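Hi there,

Here is the structure I promised to pass on. Have a look at it first, and then read on for what turned up.

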Amino acid sequence: MSWSNCESSAPGFRGASGRRRGTEARSPVPYRQNPMAYEPEVLCHCNPRRKAPRWISWSRANPGRRYYSCVNAMNGDGCGFVQWYDSPLPKFFSDLIGDLRDEVWRLHGQDNVPPVSVEQVEECRDQFVLVEPTVKDLQDQLKEKSAEIAALKGKFEKVVFIVLVFVFGVVAGKLFAF
Ligand SMILES: [Zn+2]
């Protein structure tokens, strides 16, 4: 199925040519399959003819729809060969994939928010579970030490009181001796 020159139906081969601009230049998801890893091979019209990579379109009209394009289109030239691989998607799915694509791009645009993986979250939780008993242990130890300090303070006050009484007694004894 070759396609016409209708611009609205064109796949995202601006991406394949490396000439896309801004956020629309990026595929919202990594390719699961290398664009060249498909069989049987589809050849473009170059001389000699070459295997055409199979890309995913992220255009507004055909998001998620796969197509072949001339491998030299990546360098900005080539024979201009372009051919759809997938039939047009039902509008519902096409709109849905388009919305998901926009949402992924929107999230990627928030540069200050690094993506957090499930693994990272689980690792943090595991570390917390490991650290939590240690914290409780330290809190208990702190309570014990505080109680000891309070007891020592009480003892110290008693000793100071006894010393003061003793000194007072000595001084008073000396005063009365004269
Ligand atoms: Zn070509």
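**What I found**

Of the 178 residues in this protein, 15% count as buried. Please keep in mind that this is a predicted model.

Let me begin with how far you can trust it. The average pLDDT is 82, and 82% of the residues score at least 70. Residues 4-10 are a weak stretch, with pLDDT below 50 and 6 contacts in the model beyond near neighbours in sequence. Residues 12-24 also stay under 50, and there the model has 28 contacts beyond four places in sequence. Where pLDDT is low, the predicted coordinates should not be read in detail. That caution is worth remembering for α1, which is placed at residues 13-16, as pLDDT stays under 50 over residues 12-24.

Now the overall layout. The protein has 3 helices and 3 strands, and from the N terminus on they run α-β-β-β-α-α. If you count contacts between residues at least 6 apart in sequence, 54% of them join residues at least 24 apart.

How are the strands arranged? They form an open sheet of 3 strands in the order β1-β2-β3, with antiparallel pairing. β1 and β3 stand at the edges with a single partner strand each, so one side of each has no neighbour in the sheet. On average, neighbouring strands of this sheet are turned by 35° against each other, direction ignored.

If you would like to trace the pairing on screen, Y68 is a handy place to start. β1 and β2 pair in the antiparallel sense over 3 bridges, and Y68 in β2 is the bridge partner of R54. On to the next pair: 3 bridges also join β2 to β3 (residues 82-84), again antiparallel. There, the bridge partner of Y68 is Q83 in β3. Y68 therefore links up with R54 and with Q83 in the sheet, whose strand order is β1-β2-β3, leaving β1 and β3 at the edges.

Y68 also turns up in the largest nonpolar core, which has 11 residues in all: C44, A52, W55, I56, W58, Y67, Y68, C70, A73, F81 and V82. β1 and β2 (66-69) are the elements that give two or more residues to this core. In soluble globular proteins, nonpolar side chains tend to be buried together.

Two peptide bonds deserve a look as well. The one from E39 to P40 is cis, with omega near -10°, and the one from N47 to P48 is cis too, with omega near 0°. Where do P40 and P48 sit? P40 is in the loop between α1 and β1 (54-56), and P48 is found in the loop between α1 and β1 as well.

Finally, the far end of the chain. An unreviewed UniProt entry places a "transmembrane region" at residues 159-177. In the model, the chain over residues 159-177 is 100% helix and 0% strand, and its end C-alpha atoms are 27 Å apart.

Happy browsing, and shout if anything is unclear!

Note on methods
Residues numbered from 1 in each chain as written. Predicted model: local features only at pLDDT ≥ 70, side-chain atom pairs only at ≥ 80, totals over all residues. Helix = DSSP H or I, 4+ residues; strand = E, 2+ residues; numbered from the N terminus. Buried ≥ 20, exposed ≤ 12 C-beta atoms within 10 Å, placed from the backbone. Contact = placed C-beta atoms within 7 Å. Core = buried A, V, L, I, M, F, W, Y, C linked by C-beta atoms within 7 Å. UniProt positions renumbered as here; feature names shortened; annotations may be inferred. Pairing = 2+ DSSP bridges. Axes fitted to C-alpha atoms, helices over the stretch in contact; angles between N-to-C directions. pLDDT = per-residue confidence, 0-100.
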